[in-house]
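Student: Could you take a close look at one part of this protein for me? I'd like to see how its inside is packed.

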Amino acid sequence: VGVVAVWMWWAVGRRDGIWRRLGVVVGGVMLAMGLLPGVLVGMATSRAWSGWPVGDSTLVVVMAHVARFGMVGVLVGWWLAAMEGRWARDLRRMDVGERVRGWWEAAILPQVGVVVGGSVVAGLLSFHEIESTVVVQPASASGGSFAWQMLQWLHFARMDDLAMGVLVVVGMGVVGLSF
């Protein structure tokens, strides 16, 4: 999600039209995917990677969660591009040009906390995601993931176990938001 935020910031902050338009289109698609139900995102990710060697690995779960919560990176990138005034962008271009290293030193390093914060928010959302995880990760994978366990407890009315899982999820959210 941090990579999505930095790329979106770079693309939307460009003067030339093609990268800017591509950033808006990719950002719009990622925002739409973030608003879709997790089951649909999980099914699309599962079908897209089913024939590949990574089709049954944890990498597919990561890709599904990036597809689902990449919208956080899009919003962070758009916000960073909007907050960087035209004068600051022009000054940075005069000082370091369009080179990646110069852009890294002049623009990204001062705002690295915002990018990391957006990634942490997406990670917390990913921790709570059950729908897409159950679709892309097989139930037999290491005895079932946390998302799979929560879904099983919910469907089979294991209220004591489900209550403990809910406390863990809420606790992680409170701890994450307190920082």
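Tutor: Let's begin with the whole: of the 179 residues of the protein, what percentage count as buried? The figure is 35%, where buried means under 20% relative accessible area, exposed is over 50%, and partly exposed lies in between (1.4 Å probe, protein chains only). Bear in mind that this is a predicted model, so local features need pLDDT of at least 70 and side-chain atom pairs count only at pLDDT 80 or more, while totals for chains, interfaces and linings use all residues. Residues are numbered from 1 along each chain as its sequence is written, and side-chain values use heavy atoms, with hydrogens and water left out.

As for the overall build, you're looking at 10 helices and zero strands, with helices (H or I) of at least four residues and strands (E) of at least two taken as DSSP runs and numbered from the N terminus. Read along the sequence, that gives α-α-α-α-α-α-α-α-α-α. The C-alpha trace spans about 60 × 40 × 25 Å along its principal axes. Take contacts (heavy atoms within 4.5 Å): among those between residues at least 6 apart in sequence, 66% join residues at least 24 apart. The accessible surface comes to about 10600 Å², and carbon and sulfur atoms account for 71% of that; these areas are from the Shrake-Rupley method with a 1.4 Å probe, and for residues only the protein chains shown count as cover.

Now zoom in on helix 3, which runs over residues 38-48. Its buried residues are Gly38, Val41, Gly42 and Thr45. Look down the helix axis and these buried residues fall within an arc of 100 degrees, so they line one face of helix 3; the arc is that of the directions from the helix axis to the C-beta atoms.

What sits over that face? The cover on the buried residues of helix 3 includes helix 2 (17-35), helix 4 (58-83) and helix 8 (131-136).

Helix 8 deserves a second look, as Ser132 is found there. Ser132 is buried, and its relative accessible area is 0%. Leaving out residues up to four places away in sequence, Ser132 touches Gly38, Val39, Gly42 and His65. Go back to helix 3 and you'll meet two of these names again, since Gly38 and Gly42 are among its buried residues. On the other side of the same contact list, His65 is also touched by Ser132, and helix 4 covers residues 58-83.
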